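Visitor: Could you take me through a close look at a single part, and then at the aromatic rings?

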Amino acid sequence: MAYSEHDIPSLSGKTAVVTGATGGLGYETARMLAEHGARVILAGRNAGKGAKALHDIRVTAPQADVTFEKVDLGSLASVAALNDRLNSAGNPIDILVNNAGVMTPPNRQTTSDGFELQFGTNYLSHFALTARLMPLLTAAPAARVVSLSSLAARQGQIDFDNLQSETYRPVAAYSQSKLACLIFGFELQRRSTANGWGITSTAAHPGIARTDLIVNGMGERSPLAFVRKYMSFLFAPVPQAALASVFAATEPNAIPGGYYGPTGMQEIRGRVGVARTPDAALDTILARRLWDISEELSGVSFPRAAVPA
């Protein structure tokens, strides 16, 4: 049988943080977690959208325990401020879904820290967020961290000589950022196993969902935006596309270091199952180099302990 919302286990007593949770995949992920009993923190940069998301979730789940926390993943200072608030509250975090992202702006943009926008927002800020939340993640009995990748990761390359895409090609920069997310998910699991952190790291991709991410990134006149507008039947409804993230975050049988997504044609949509992993994502030497550079760029370090062989 196909995995559905009915298969999500009770999450009573668990706390989840979902980034980019005020719309699209993040909202649906947060909604499902809340409807199954989790206390959910919706992290996003727009307080107005956050208020609407809270209202909408409470309509479908009146007993839901949901709150909004403002964070701009285009700013490492904003990420640090969020972490300070969460760490001050002291509540262990059972589920962290690193979902937020931007997609293929036509012209090169940068974060407030000077990183290429997609690399900085999609990957580096989530790397820093996870590192800063380690005290709360390791305080939970069996925390999970979910890294959101993309079908675009298949064509991605980590170009250490052009990591910030000074030579800018929108799709190449996006693909690199999403491959980096996947590499991080796998390497986090290796390090958790090697160091006894007790964290399960999984990764997921949504296929191609009927969200506004394409239009917001590439503009209404882009070819993909045209396909999104007039041929949306080819893509997955957003709740269905979000199931891969929820599976990775909650399914008891999800494998540590597993990668999940739709299993239909070209993994665009369909039943949730094991996703095809790009060879580059399995390169452990590449993963270690990216990890070290990410700590240097973000100024944030994970606990110093053994590195997996």
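Which helix is serine 78 found in?

Guide: Happy to help! This is a predicted model, where local features need pLDDT of at least 70, side-chain atom pairs count only at pLDDT 80 or more, and totals for chains, interfaces and linings use all residues. Residues are numbered from 1 along each chain as its sequence is written, and side-chain values use heavy atoms, leaving out hydrogens and water.

Serine 78 is found in helix α3, residues 76-89 (helices are DSSP runs of H or I with at least four residues, strands runs of E with at least two, numbered from the N terminus). Serine 78 has a relative accessible area of 18%, so it is buried (under 20%; exposed is over 50%, partly exposed in between, with a 1.4 Å probe and protein chains only). Setting aside residues up to four places away in sequence, serine 78 touches Val71 and Asp72 (contact means heavy atoms within 4.5 Å).

Now the rings: the whole structure holds 13 aromatic pairs (ring centres of Phe, Tyr or the six-membered ring of Trp within 6.5 Å; planes under 30 degrees apart are stacked, over 60 edge-to-face, the rest tilted). Among them, phenylalanine 184 and phenylalanine 302 form a tilted pair, 6.2 Å centre to centre with 55° between the planes. Phenylalanine 184 lies in helix α6 (residues 170-195) and phenylalanine 302 in the segment after α10 (284-298), so the pair ties together parts 118 residues apart in sequence. Phenylalanine 184 is buried at 4% relative accessible area, and phenylalanine 302 is buried at 3%. Both belong to one aromatic cluster with Phe119, Tyr123, Phe127, Trp197 and Trp291.
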